[in-house]
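This report describes selected features of one structure. It covers salt bridges, the sheet, a helix contact and backbone angles.

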Amino acid sequence: MGVYLVSVAARDWSQPGEDGYGDVAAALDTELARRGLSPYEARDAPGWFEEKVGPSMDGFLALCGTLLTDAELSALLDWSVLVPFELDEEIVLPVGTAYSGEDTAVAGAPRVLALAERLAAAIALPVDAIPAGENLALSLWFLEGGAERTARVRPGTWAEDPDAAFYVALYLRAAQYSLRYGCPMTYS
């Protein structure tokens, strides 16, 4: 089993109850209206984003500690729902999900993408060589030798800590997917 970072289908976003995110969606729309912003309507992607969160985060957190401020690290990691639009700051909603406890922290994908791009540039991550789009493609690329083969022809700092590189790529691809297809992301 484990924890996965996944896209949320539009029907699941609007569906209340245990199998959906309708309570989160309604609370987010209320908070957006309070801030004078339009409600968010999730769109369906042509496929599904799903990546397993499994490797150790130690090297990734160390990398973040050298390149990001505490506020930036929080913006990158301390969310339970990622939405495909800019937010000035994280929004904490008084409604929980299976993995968020009693509150749900919502972050904007543009900010997460910008931070992930900074990390990717710092370690010279070969973004063009990393798969995107298909379910578990990123996880399998790191687990089944794709990263090792790429490191032989495109060595660099990224290849010195594959687990750290995985998380940089994970947050990069998740934010890109959210923005490209207009869908929220969450942990499952």
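The side chains of R154 and D128 form a salt bridge, with an N to O distance of 2.9 Å. R154 sits in the loop between α7 (146-153) and α8 (157-160), and D128 in the loop between α5 and α6 (137-143), so the pair ties together parts that are 26 residues apart in sequence. R154 is partly exposed, with a relative accessible area of 34%, whereas D128 is exposed at 63%. The model behind these values is predicted.

## Salt bridges

The structure holds 6 salt bridges. Three of them, including the pair above, are listed here with their N to O distances and the relative accessible area of each partner.

| Pair | N to O distance | Relative accessible area |
|---|---|---|
| R154 and D128 | 2.9 Å | R154 34%, D128 63% |
| R118 and E72 | 2.8 Å | R118 40%, E72 15% |
| E31 and R35 | 2.8 Å | E31 16%, R35 31% |

The salt bridge between R118 and E72 involves side chains from two helices: R118 lies in helix α5 (residues 109-122) and E72 in helix α4 (residues 70-77), so the pair ties together parts that are 46 residues apart in sequence. R118 counts as partly exposed at 40% relative accessibility. E72 is buried because its relative accessible area of 15% falls under the 20% cut-off.

In the pair formed by E31 and R35, E31 is buried, with a relative accessible area of 16%, and R35 is partly exposed at 31%. Both residues also belong to a network of salt bridges that links E31, R34, R35 and E89.

## The sheet

In what order do the 6 strands of the open sheet stand? The order is β2-β1-β6-β3-β5-β4, and the pairing is mixed. The edges are taken by β2 (50-53) and β4, each with a single partner strand, so one side of each has no neighbour in the sheet. From one strand to the next, the twist averages 20 degrees.

At the β2 edge, strand β1 (residues 3-7) and β2 run antiparallel and are joined by 4 bridges. Within this pairing, L5 is opposite E51 in β2.

Towards the other edge, strand β5 (residues 104-108) pairs on both sides. Strand β3 (residues 81-83) runs parallel to β5, with 3 bridges between them, and V81 stands opposite V106 in β5. Strand β4 (residues 91-93) pairs with β5 in the antiparallel sense, also over 3 bridges; here V92 has A105 as its bridge partner in β5.

Are the residues of β5 buried or exposed? The strand is mostly covered, and 5 of its 5 residues are buried. T104, V106 and G108 point one way from β5, while A105 and A107 point the other way, and all are buried. V106 and A105, the residues of β5 named above in the pairings with V81 and V92, thus belong to opposite-pointing sets.

Helix α5, which carries R118, packs on the sheet and touches β3 and β5. The direction of α5 makes about 70 degrees with that of β5.

## Contact of α3 with α9

Helix α3 (residues 58-67) and helix α9 (residues 162-181) pack at an angle of about 70 degrees, and their axes are 7 Å apart. That angle makes α3 roughly perpendicular to α9, because angles of 65 to 115 degrees count as such.

Which residues make the contact? On the side of α3 they are G59, F60 and L63, and on the side of α9 they are A164, Y167, V168 and Y171. By class, the residues of this contact divide into 6 nonpolar, 1 polar and no charged.

## Positive phi angles

The loop between α5 and α6, which contains D128, also contains A124 and L136. A124 is not a glycine, yet has a positive phi of about 55 degrees. L136 is likewise not a glycine and has a positive phi of about 60 degrees. A124 is partly exposed, with a relative accessible area of 48%, and L136 counts as partly exposed at 27%.

Key:
Residues are numbered from 1 along each chain as its sequence is written. This is a predicted model: local features need pLDDT of at least 70, side-chain atom pairs count only at pLDDT 80 or more; totals for chains, interfaces and linings use all residues. Side-chain values use heavy atoms; hydrogens and water are left out. Axes are lines fitted to C-alpha atoms, for helices over the stretch in contact, and angles run from 0 to 180 degrees between N-to-C directions. Angles under 35 degrees count as roughly parallel, over 145 as roughly antiparallel, 65 to 115 as roughly perpendicular and the rest as oblique. Contact means heavy atoms within 4.5 Å. Ala, Val, Leu, Ile, Met, Phe, Trp, Tyr, Cys and Pro count as nonpolar, Asp, Glu, Lys and Arg as charged, and the others, Gly among them, as polar. Buried means under 20% relative accessible area, exposed over 50%, partly exposed in between (1.4 Å probe, protein chains only). Two strands pair if DSSP finds at least two bridges between them. A salt bridge is a side-chain nitrogen of Lys or Arg within 4 Å of a carboxyl oxygen of Asp or Glu.
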